[in-house]
Amino acid sequence: MRPGFLLAEMGNGLRRNFSMFVSVVLVSMVSLFFLGIGLLAQAQVDTAKGYWYDRVQVSIFLCTPDSTDAAGCVSGAVTDEQREQIESDLQGLEPLVTEYFYESNEEAYQRFQEQFRNSSVLDSVPQESIPSSFRVNLADPSKYEVIRAAFEQAPGVDSVEDQREVVDRLFAFLGALSWGALALAVAMVVCAVLLISTTIRLTAWNRRREIAIQRMVGASAFSIHLPFVLETVVAMVLGSALAVGLLWSSVRFGVSGYLSELLAGESGLISLVNERDLWMITPFLVGGALLLAVVTAWMALLRHVRV
C-alpha cells in the first residue's frame, strides 16, 4: 500500500469520526494518568517503608506519679535505681538493640508543648503526667516482642509501645489509595477497549462502500485493516503523550515543588518520587497503550470488518 494513499485514508477517517477520535484520546489519557499515579504511589510507599522501617523505634514509657494501673508502677513513679536497671537491661540486649537514648520528663514535656502549641489541651496537661522514656532502635524491627517481653512488667515501666504499628496503619492507608488508583485505571482501560471497539464498528459501517470497492479490486485484509489500526494508534499516542505530560506536571510541580517545600527539611530525609521515576515507567505506559491499541483494533476488525 502506498504511503500517500494510506495517509489519505487515515485523514479521511479521522475527519469523519473526529468526535470519537477525541473520545478515545481523552479516555486513554485519563486511564494512563491514573495508571501512572498508581505506579508512582506504589514506588513512593515502597521507598518510604524502607526509610521508616529502618528507623522505627520502640518506646519504653516509665512510670509517673499518676501511673497506677501498670504492673511495674505499684511503687509509684520510677526511681533512679529502676531507671538504671532498665538501661543496664537494654545494654544486655545488644546487638538486637542497636541504639537507645533516654528522654527525661523535661525533654518529653518540651516536645509535647511543641507538638500541641496551638491546641487547648496544652493547658490541661501538667508536666508530671508526661512520662520519661527510653527510645530504642532495633537491628530487626520485627523482633519487637522480645523487647515487650523483657520490659512490659519490669519495675518502673508503665508501657512498651511499638511505632511500627502506627507506621503499618499509615502505609496500609497509602497502599489502599495507590491500589484504588490502579483499580480506577483498570476500569478506565476497560472503557477505552470498549470505546475503541465501538469506534471501529461505527467507522467500518461508515466506510462500508469503500471497503466493498477495495474487496472488489483485490485489496488484502491487511491493507484494509491497516488504516483503522493506525487511526487507533494515533489516538493512543496522543492520549499517552497527554497522560505523560500530566504526570510530569504532577511530579515536577506537585511532588518536587509543593510537597518538598511543605515538608521543608524533612523531604531531604525521605526520597520522594521524581522525574527519573516517571521516565522509568513511561516506556511501559506508552508501550502497553500501543500494544492495547493494536490488539483491540485488530480483534474488533476481525469481528466487524469481513474481508
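Begin by selecting helix 5, residues 144–151, which in this predicted model lies across strand 1, strand 2, strand 3 (133–138) and strand 4, and runs at about 175° to strand 4. With that helix and those strands displayed together, the rest of the tour can move outward from the sheet to the ring cluster and then to the helices.

**The sheet under helix 5**

Colour the four strands separately and follow their order across the sheet, which is open and reads 2-3-1-4, with antiparallel pairing. Strand 2 (97–103) and strand 4 (157–162) stand at the edges, where each has a single partner strand, so one side of each is left without a neighbour in the sheet. If you look along the sheet, neighbouring strands are turned by 20° against each other on average, when direction is ignored.

Next, select strand 1, residues 57–62, and its connections to either side. Strand 1 is joined to strand 4 by five bridges, the two running antiparallel, and it also pairs with strand 3 in the antiparallel sense over five bridges. Two residue pairs make convenient landmarks: Ile60 has Val160 of strand 4 as its bridge partner, while Phe61 is partnered by Ser133 in strand 3. As a general matter, strands of a sheet pair through backbone hydrogen bonds, either parallel or antiparallel.

Now show the side chains of strand 1. Gln57, Ser59 and Phe61 point one way, whereas Val58, Ile60 and Leu62 point the other way, and all of them are buried. Since six of the six residues of strand 1 are buried, the strand is largely enclosed by the rest of the structure.

From Leu62, look for Ala154, which is placed in the loop between helix 5 and strand 4. The C-alpha atoms of Ala154 and Leu62 are 9.8 Å apart in space, although the two residues are 92 residues apart in sequence. Ala154 is itself buried, with a relative accessible area of 14%.

**Rings on strands 2 and 3**

Select Tyr100, Tyr102 and Phe134, which form one aromatic cluster. A search of the whole structure finds four aromatic pairs, and one of them, Tyr102 with Phe134, is tilted, at 5.1 Å centre to centre and with 50° between the planes. This pair links distant parts of the chain, with Tyr102 in strand 2 and Phe134 in strand 3, 32 residues apart. Is each partner buried or partly exposed? Tyr102 is partly exposed, with a relative accessible area of 30%, whereas Phe134 counts as buried at 0% relative accessibility.

Add Arg83 to the view, and you will find that it lies over the face of Tyr102, at 4.9 Å from the ring centre. For another arrangement of this kind, select Arg252 and Phe253: the charged end of Arg252 sits over the ring of Phe253, 5.6 Å from its centre.

**The cores**

Turn now to the helices, and display Ile200, Met236 and Leu247, which touch the most other members of the largest nonpolar core, a set of 31 residues. Helix 2 (18–55), helix 6 (163–206), helix 8 (221–263) and helix 9 (275–304) each supply at least two residues of this core, and the largest share, nine residues, comes from helix 2. Centre the view on Met236, which, leaving aside residues up to four places away in sequence, touches Ser28, Ala192, Ile196, Ala289, Leu292 and Ala293.

A second, separate core contains 17 residues, including Val58, Leu96, Tyr144 and Val157. In soluble globular proteins, nonpolar side chains tend to be buried together.

**Stepping back to the whole chain**

Finally, show the complete chain, which contains nine helices and four strands, and trace its elements from the N terminus on as α-α-β-α-β-α-β-α-β-α-α-α-α. Of the 307 residues in the chain, buried residues make up 39%. Among the contacts in the chain with a separation of 6 or more, 82% are accounted for by residues 24 or more positions apart.

Technical notes: Residues are numbered from 1 along each chain as its sequence is written. This is a predicted model: local features need pLDDT of at least 70, side-chain atom pairs count only at pLDDT 80 or more; totals for chains, interfaces and linings use all residues. Side-chain values use heavy atoms; hydrogens and water are left out. Two strands pair if DSSP finds at least two bridges between them. Axes are lines fitted to C-alpha atoms, for helices over the stretch in contact, and angles run from 0 to 180 degrees between N-to-C directions. Contact means heavy atoms within 4.5 Å. A nonpolar core is a set of buried Ala, Val, Leu, Ile, Met, Phe, Trp, Tyr and Cys residues joined through side-chain atoms within 4.5 Å. Buried means under 20% relative accessible area, exposed over 50%, partly exposed in between (1.4 Å probe, protein chains only). Rings of Phe, Tyr and Trp (its six-membered ring) pair if their centres lie within 6.5 Å; planes under 30 degrees apart count as stacked, over 60 as edge-to-face and the rest as tilted. A charge sits over a ring if NZ of Lys or CZ of Arg is within 6 Å of the ring centre and within 35 degrees of the ring normal.
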